[in-house]
Structures are given as structure tokens and as C-alpha cells.
Amino acid sequence: MEKFLGTDTNTISAVEQVLVNVQGGLIDVEIDRTKAVVDGKMMDIYIVRDISEKLRAQAYKESLIEKEKQLIESKEYDRIRTEFFANISHELRTPINIISSAVQLIDSLDLDKTNDINNITKFSGIIRQNCSRLLRLVNNLIDITRIESGFYKVKMELYNIVNVVEEITLSLVNYIESKGLTITFDTYIEECYAYCDIDSIERIMLNLLANAVKFTDTGGEIVVTIYEENNKIVISVKDNGIGIPTEKKQAIFERFRQVDKTLGRKYEGSGIGLSLVKLLVELQNGNITLTSELNEGSDFKIMFPIVDNTLNEENIYNLNLKADRVNMEFSDIYFEK
Ligand code: ADP
């Protein structure tokens with residue numbers, strides 16, 4: 001051992017671990033300082049311990065732990081990827097099978113028979129619905145990928161959110177009532193301004209309302225409420241449907257997660273609607289929460305920061321929900337209620 005890197009003993013004693021030069025090479029040492037009487041004088045005694053091996057073993061152990069973690073992560077990634085392909089194949093195949101059967105049935109019709117002519121309308125309706133379902137799935141997949149890779153652009157503009165949500169909700173009353181459910185719009189405020197991307201707001205509302213319809217039995221009730229809380233505007237979409245078990249509440253915002261994943265499940269769906277909703281809400285600086293009780297219902301709340309509108313010009317919202325778009329977002333709903 002040649003010399004300490006620090007020459008001042010106070011510096012050395014202040015640190016526990018330093019590097020020292022040993023025959024041209026550096027090793028890690030631990031230094032303890034103690035006092036002892038030598039030749040009648042109180043002296044500082046330094047105990048220097050070579051801890052290079054100990055540190056190497058520690059680093060090796062840490063790298064093993066890190067590698068094990070990476071292995072677990074890559075296995076989990078593999079599992080999610082396999083699940084993704086299984087899900088996506090199922091989701092693509094189901095509507096394609098239905099379309100193909102409907103086309104075969106149309107081919108077998110005898111157009112001289114009135115009854116068969118009437119059936120064409122029925123089968124073309126089935127084909128249309130399943131095309132919408134495929135289109136929705138593909139659009140959702142493309143948009144999720146675009147959002148995650150940063151290519152999805154939102155056009156943030158100032159709107160009176162109360163008016164926007166009211167228009168969207170009211171435009172769906174007839175449709176929702178035709179499914180045997182009631183829908184109510186309730187607001188505690190007349191106007192409230194926030195920056196948002198109107199296209200995304202429409203998509204979010206359609207998704208939440210389509211889920212509320214899908215998971216609520218006939219005779220059920222959907223309530224859309226707006227209120228202010230902590231300088232945020234809160235939009236609540238509440239139903240008294242089947243509800244969501246506590247342990248699944250977080251997972252449903254993840255891609256391809258459904259509460260019931262069995263093949264014989266009652267409800268169709270890809271399990272990507274809510275993950276897209278969450279991404280769209282967050283792109284607009286908002287957040288989404290869920291309160292739900294099994295067999296009692298669910299309440300999805302989205303929140304956006306309120307803007308003081310005294311200095312701003314608002315955009316006027318013109319409801320632009322074409323029937324095609326509504327049909328597309330509601331295309332998973334097969335069961336007549
Ligand atoms: P999906 O296309 O399967 O409906 P989502 O991402 O929209 O996919 O929803 C994921 C899952 O969350 C659904 O499959 C369902 O299990 C549950 N879910 C969503 N909304 C509701 C609701 N309003 N009531 C009960 N369960 C719901």
C-alpha cells in the first residue's frame with residue numbers, strides 16, 4: 001500500500017470508504033479511525049480494510065437481481081403480447097365470421113319471394129353493424145398507437161363544456177331509450193369553460209355512454225351530471241348496471257382488459273375503449289376516476305381544469321355527431337334489451 005489518496009487525516013477519517021493506490025492500481029478500502037495511547041501519547045490509529053472483493057460481490061449480486069427483474073419483465077411482456085394477439089384475432093374474426101355468414105345467407109335468398117327480400121334489409125343491417133365494429137376496432141388501435149408514439153394531435157380550444165356535454169347527451173336520448181334505458185342530464189352550473197379537443201370529447205362521451213348502455217340491464221338508468229369541484233369541471237357518467245368488482249377497477253383502463261374474459265362472456269368488446277378514453281382525457285390535461293359497486297352500478301368521472309373565460313373568446317359548439325359515428329361507437333351492443 002503506497003499512500004492514501006487524501007493526505008489530510010481529517011479528510012480520510014470523515015469518509016468511510018476511499019480508493020487507495022496499491023502498486024499502481026486502485027483498490028477500495030474502508031477506514032476506521034480510533035484513538036490509542038502510544039509511547040505515552042494519544043495517537044490516531046487508522047484501520048484500513050481492503051473491501052474490493054466485497055464490493056465486487058455486491059455489484060455482482062445487484063446485477064443478478066437486475067437481470068432477474070429484466071427476465072420477469074420480458075416474460076410478462078411476452079404474456080401480454082400473446083394475450084394481445086389472441087384477443088385481437090378473436091375480435092377480428094367474430095365480425096368477419098358474422099359478415100361472411102350474412103353474405104352467404106343473402107346469396108341463398110330467392111329474390112322472387114317477398115319474405116326473402118325483407119330479409120336482405122335484416123342481413124345488410126348485420127353486415128353494416130359488423131363493419132362498424134371492425135372499423136371501430138381498427139381506428140381505436142391506430143389511435144392508441146398514434147397517441148403512445150406522440151403522433152396524435154389534439155386541437156385544444158375553449159368551449160363551454162356544459163353546453164358540449166349536454167348536446168352530446170341529448171342527441172343520444174332516443175337511441176338509449178330504444179334500448180329500454182332512461183337517460184337524464186343534470187347540471188349544477190350554466191356555463192363552465194375549459195380547453196378541450198372537441199373530437200376527443202365526443203369520442204369519450206360516446207365510449208362511456210356505450211359502456212353504460214352495454215352493462216346496464218333493461219329498465220336501468222344512466223345519469224350524466226356536471227359540476228365544479230376544486231377548480232375543475234367534473235363530468236360524471238353514472239349507471240345502475242352490473243358494476244365492476246374492486247380488484248378489476250384499475251385493470252379496465254389497461255388495454256384489452258375486460259372484467260369477464262371468458263369466451264362465452266355475455267358482452268362483446270375488445271377491451272380497448274377505456275384505455276383510449278383515459279389516454280384522450282390525459283392528452284387534454286384531464287383525469288378519469290371510477291367509483292363502482294358490483295351489482296349496483298358504475299360512475300366514471302372525467303375532470304378538466306376550468307379556465308376563467310372573462311378574457312377569452314369561446315368557440316360555439318355545433319353538434320356534429322353523424323349517425324355513422326354513433327353507430328360505430330355503439331357497434332358492440334348486440335343484445336336487444
Ligand atoms: P369493451 O370494449 O370490452 O367494453 P372497455 O375498455 O370499454 O372495453 O371496457 C373494459 C371493461 O370494463 C369492459 O369489458 C367491462 O368489463 C368493464 N366496464 C366498462 N364500463 C362499464 C360499466 N359502465 N359497467 C360495468 N362494467 C364496465
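Glu 313 counts as exposed because its relative accessibility is 72%, where exposed means over 50% relative accessible area, buried under 20%, and partly exposed in between (1.4 Å probe, protein chains only). Glu 313 sits in the loop between strand 11 (297-305) and helix 8 (323-329); helices (H or I, at least four residues) and strands (E, at least two) are DSSP runs numbered from the N terminus.

A quick word on the model: it is predicted, so local features need pLDDT of at least 70 and side-chain atom pairs pLDDT 80 or more, while totals for chains, interfaces and linings use all residues. Residues are numbered from 1 along each chain as its sequence is written, and side-chain values use heavy atoms, leaving out hydrogens and water.

Here are three residues side by side.

| Residue | Place | Relative accessibility |
|---|---|---|
| Glu 313 | loop between strand 11 and helix 8 | 72%, exposed |
| Asn 140 | helix 3 (residues 114-148) | 2%, buried |
| Val 48 | strand 4 (residues 41-50) | 26%, partly exposed |

What does Asn 140 touch, not counting residues up to four places away in sequence? Arg 203, Ile 272 and Leu 276 are its partners, with contact meaning heavy atoms within 4.5 Å.

As for Val 48, its C-alpha lies 6.7 Å from that of Asp 32, and the two are 16 residues apart in sequence.

Now the whole chain. It has eight helices and eleven strands, and 39% of its 337 residues count as buried. Among contacts with a separation of 6 or more, 68% come from residues 24 or more positions apart.
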